[in-house]
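Open your viewer and get ready to select residues as we go. The tour has a few stops, each with something to pick and something to look for.

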Amino acid sequence: MKSILITGGAGFIGSHVARLFVKKYPEYKIYNLDKLTYAGNLENISDIEDFKNYRFIKGDICDTDLLLRVFNKYKFDSIIHLAAESHVDRSITNPLDFVNTNVIGTVNLLNQFKETHKNNFDGKLFYHVSTDEVYGSLGESGFFTEETSYDPNSPYSASKASSDHFVRAYGETYGLPYIISNCSNNYGPHQFPEKLLPLFIHNIINSRPLPVYGDGTYTRDWLYVKDHACAIDILFHSNKIGHTYNIGGFNEWKNIDLVKELCAQMDIKLKKKESSSESLIEFVKDRPGHDLRYAIDASKIKKDLNWKPSVNFKKGLSLTIDWYLNNKNWLKNVTSGEYRNYYKKQYSA
Ligand code: NAD
Ligand code: DAU
């Protein structure tokens, strides 16, 4: 039985990956290691907790003793590494948290994986999940390809770029088999409401202001989270050792246009008759070092592995809004306590 460690499987993307693997591959044993930070939530994966081929381990990837213990016990054949501090705004206020988890935590995992398998890496894989933000910012035109130079601008993207370099360096130096993928902005169910779409959905539900940074002309490429999980599944089984793949939605939106589309869909779903949710939009102080535009050229994964996004954006957005409207308790639970302090600090004038 293949033994696979998923890190960060109680977070947004990790929970979709864990669910996909547990349900699709009953012949694999899936271990989900997660520290359960503010972004980790066992409710995200409650539907798989009783599956025989699944086990949750609460733990920190910075804890080398814990890693030693669990690697010795479960002898993971492969790792799908998603655990990270993932929010750019938090990286601006607390950069060291990002260095610790994203850089040191990744190197700890690499070390433990190397020590466990250094005499025989056959059939083993360290799959590192990364971001398009490592490439920095595009101007009005052009796309990030796998050959684009790294040029990170935020403490978050610098820490992810560093972790990518360490993974590649372990491949070169120790022959550790790896795949890296760099993906664009994900959206969908279970995303913590600090990121643009769930934050704005939550605020519209509660008739609170929608804080658009700067002039709202910043552009992102959006991908439905289940399409990302599917790309990870395909890459994991591809044997493309030592390769990097870009994953994207072929779906660019200026923030302000995206927010207006969200408002329009929510007005219909909430049966708003009098004023549109658009009246909640407020242009606020910009994010320092705000990257103007991300856009992924995902032709390599399309050509090599026949992956392309399957979920049309307006449909994916509608499914996402429905999920939040139908899971108000989930939203309520994650927006109590620490969230309120974060919100006050981040958005007070
Ligand atoms: P998330 O913040 O929703 O979840 C991160 C998870 O990691 C949480 O469950 C958290 O508890 C866990 N974690 C954090 N620190 C840990 C530690 N020290 N030890 C163990 N677990 C820890 O993040 P996400 O949006 O699901 O992103 C997952 C991965 O995908 C990240 O590596 C991120 O860089 C990458 N990524 C995200 C996006 C996106 O749009 N969200 C796009 C491309 C790549
Ligand atoms: O591109 C992939 C990256 O996408 C991932 O690696 C990150 O983990 C993920 O957080 C995301 O980063 P962004 O910074 O692009 O996502 P965020 O949702 O924070 O912001 C999206 C855009 O919306 C960005 O231009 C900033 C803007 N924004 C965001 C927030 C939270 C606002 O205008 N107002 C806000 O309140």
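Which atom of ligand 1 does a polar side-chain atom of T101 lie 3.0 Å from? Select T101 and ligand 1 to find out. The partner is a nitrogen atom of the ligand. Keep in mind that this is a predicted model.

**Stop 1: ligand 1**

Stay with ligand 1 and add S86. A polar side-chain atom of S86 lies 2.7 Å from an oxygen atom of the ligand. Now add G11. Here a polar backbone atom takes part, and an oxygen atom of ligand 1 is 3.0 Å from it.

How much of ligand 1 does the protein bury? Taken alone, the ligand exposes 840 Å², and the protein buries 97% of that.

Next, colour the elements around it. Those giving two or more residues to the shell are α1 (12-24), β5 (125-131), α5 (155-174) and β7 (185-187). Strand β5 gives the largest share, three residues.

Then show the whole shell. There are 29 residues around ligand 1, and I13, D34, S86, Y156 and K160 come nearest. Sort the shell by class: 12 residues are nonpolar, 12 are polar and five are charged.

**Stop 2: ligand 2**

Keep Y156 selected and move to ligand 2. A polar side-chain atom of Y156 lies 2.6 Å from an oxygen atom of ligand 2. Add E133, where a polar side-chain atom lies 2.7 Å from an oxygen atom of this ligand. Then add R220. Its polar side-chain atom is 2.8 Å from an oxygen atom of ligand 2.

Is ligand 2 mostly buried or exposed? Alone it exposes 690 Å², of which the protein buries 95%. Helix α3 (88-93), helix α6 (196-205) and strand β8 (210-213) are the elements that give two or more residues to its shell.

Select that shell too. It holds 26 residues, with D132, E133, Y156, R287 and Y347 coming nearest. By class, 12 are nonpolar, seven are polar and seven are charged.

**Stop 3: two helices**

Leave the ligands. Select helix α2 (residues 64-74) and helix α4 (residues 95-117). Their axes come within 10 Å and cross at roughly 35°. The crossing of α2 past α4 is right-handed.

Which residues meet here? From α2, pick T64, L67, L68 and F71. From α4, pick N108, L109, Q112, F113 and T116. The contact has five nonpolar and four polar residues, and no charged ones.

How values were computed:
Residues numbered from 1 in each chain as written. Chains lettered and ligands numbered in written order. Predicted model: local features only at pLDDT ≥ 70, side-chain atom pairs only at ≥ 80, totals over all residues. Heavy atoms only, no water. Axes fitted to C-alpha atoms, helices over the stretch in contact; angles between N-to-C directions. Helix = DSSP H or I, 4+ residues; strand = E, 2+ residues; numbered from the N terminus. Left-handed = near helix turned anticlockwise from the far one by under 90°. Contact = heavy atoms within 4.5 Å. Nonpolar A, V, L, I, M, F, W, Y, C, P; charged D, E, K, R; others polar. Near = heavy atom within 4 Å. Polar contact = N/O pair within 3.5 Å; in protein donor to acceptor, adjacent residues only side chain to side chain. Areas by Shrake-Rupley, 256 points an atom, 1.4 Å probe, with all protein chains shown as cover.
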